[in-house]
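Open the model in your viewer and keep the sequence panel in sight. The tour moves from one selection to the next.

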Amino acid sequence: MSTETTKKPSVLFVCVHNAGRSQMAAAFLTTLSKGAIEVRSAGSQPANAINPAAVEAMSELGIDMSAEIPKVLTTEAVKESDVVITMGCGDECPYFPGKRYEDWVLEDPAGQGVVAVRPIRDEIKTRIEGLIESLVPAAK
């Protein structure tokens with residue numbers, strides 16, 4: 001049991017299908033924060049399965065997200081998160097005062113091959129590194 005008095009920050013990634021961008025972001029944040037940040041992801045209209053090109057692109061960097069499944073966005077997930085990062089879900093994401101919201105404009109990897117997904121993956125990684133720095137400055 002942890003005796004920490006401060007709760008670790010929590011981040012929710014939201015995109016439409018929860019099959020590509022939000023899953024890659026969640027996988028990066030989980031891996032790169034080494035457990036210092038609670039991570040959730042969801043979709044406003046979740047797909048049936050995770051994007052295989054996204055899985056392949058992440059596995060190239062040694063991150064296995066093949067067991068992940070798209071999850072539906074719930075009001076509870078938003079309420080429980082300190083930071084909500086949307087990726088093209090528009091107005092479908094519920095808004096609660098007091099939360100930090102960011103909208104990351106990223107190309108949708110749906111239906112694209114791994115060659116097209118790699119630059120999206122790399123952009124997400126760069127943004128995740130900045131997010132960790134802002135949430136856990138002592139982690140560096």
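Which backbone oxygen lies 2.8 Å from a polar atom of the side chain of S59? Select S59 and look along the backbone: the oxygen belongs to E56. Keep in mind throughout that this is a predicted model.

**Stop 1: helix 2**

S59 sits in helix 2. Its relative accessibility is 44%, so S59 counts as partly exposed. Now select the whole helix, residues 52-59. Its buried residues are A53, A54, V55, A57 and M58. Show helix 1 and helix 4 (114-135) as well: both are among the elements that cover those buried residues.

Go to the start of helix 2. Here a side-chain oxygen of N51 comes to within 2.8 Å of the backbone nitrogen of A53.

**Stop 2: N51**

Stay on N51. This residue belongs to the loop between strand 2 and helix 2. Buried or exposed? N51 has a relative accessible area of 10%, and the cut-off for buried is under 20%, so N51 is buried.

Turn to P109 next. Its backbone oxygen is 3.1 Å from a polar atom of the N51 side chain. Display the contacts of N51, leaving out residues up to four places away in sequence: A19, G20, P109, A110 and G111 appear.

**Stop 3: the sheet**

Switch to cartoon view. Four strands make an open sheet, with parallel pairing and the order 2-1-3-4. Why does one side of strand 2 (38-43) and of strand 4 (100-103) lack a neighbour in the sheet? Both strands stand at the edges and each has a single partner strand, so one side of each is left free of a sheet neighbour. Look along the sheet to see the twist, which averages 20 degrees from one strand to the next.

Select strand 1, residues 10-15, together with strand 2. The two run parallel and are joined by six bridges. Pick L12: opposite it, in strand 2, stands R40. Then add helix 1, residues 21-32. This helix packs on the sheet and touches strand 1, strand 2 and strand 3 (83-87). The direction of helix 1 makes about 160 degrees with that of strand 1.

Go on to C15, which has G43 of strand 2 opposite. Then trace the chain from strand 1 through helix 1 to strand 2. This β-α-β crossover is right-handed.

**Stop 4: S10**

Return to strand 1 and select S10. S10 has a relative accessibility of 0% and therefore counts as buried. What does S10 contact, once its neighbours within four places in sequence are set aside? Show I37, E38 and R40, then E80, S81, D82 and V83.

**Stop 5: the aromatic pair**

How many aromatic pairs does a search of the whole structure find? The search gives one. Select F13 and W104 to see it: the rings are 6.0 Å apart, centre to centre. Their planes make an angle of 55 degrees, and the pair is tilted.

Colour by position in the chain. F13 is in strand 1, while W104 is in the loop between strand 4 and helix 4. The two residues are 91 residues apart, so to speak of the pair is to speak of a link between distant parts of the chain. Both F13 and W104 are buried.

**Stop 6: two positive phi values**

Finish in the loops. Select N18, in the loop between strand 1 and helix 1. Its phi is near 50 degrees, a positive value in a residue other than glycine. N18 is buried, with a relative accessible area of 0%.

Now jump to K34, in the loop between helix 1 and strand 2. K34 is not a glycine either, yet its phi is positive, at about 50 degrees. Buried or exposed? K34 is exposed, with a relative accessible area of 75%.

Methods: Residues numbered from 1 in each chain as written. Predicted model: local features only at pLDDT ≥ 70, side-chain atom pairs only at ≥ 80, totals over all residues. Heavy atoms only, no water. Pairing = 2+ DSSP bridges. Axes fitted to C-alpha atoms, helices over the stretch in contact; angles between N-to-C directions. Contact = heavy atoms within 4.5 Å. Buried < 20%, exposed > 50% of the residue type's maximum accessible area, 1.4 Å probe, protein only. Polar contact = N/O pair within 3.5 Å; in protein donor to acceptor, adjacent residues only side chain to side chain. Phe/Tyr/Trp six-rings, centres within 6.5 Å; stacked < 30°, edge-to-face > 60°. Right-handed = clockwise from strand over helix to strand, strands pointing away.
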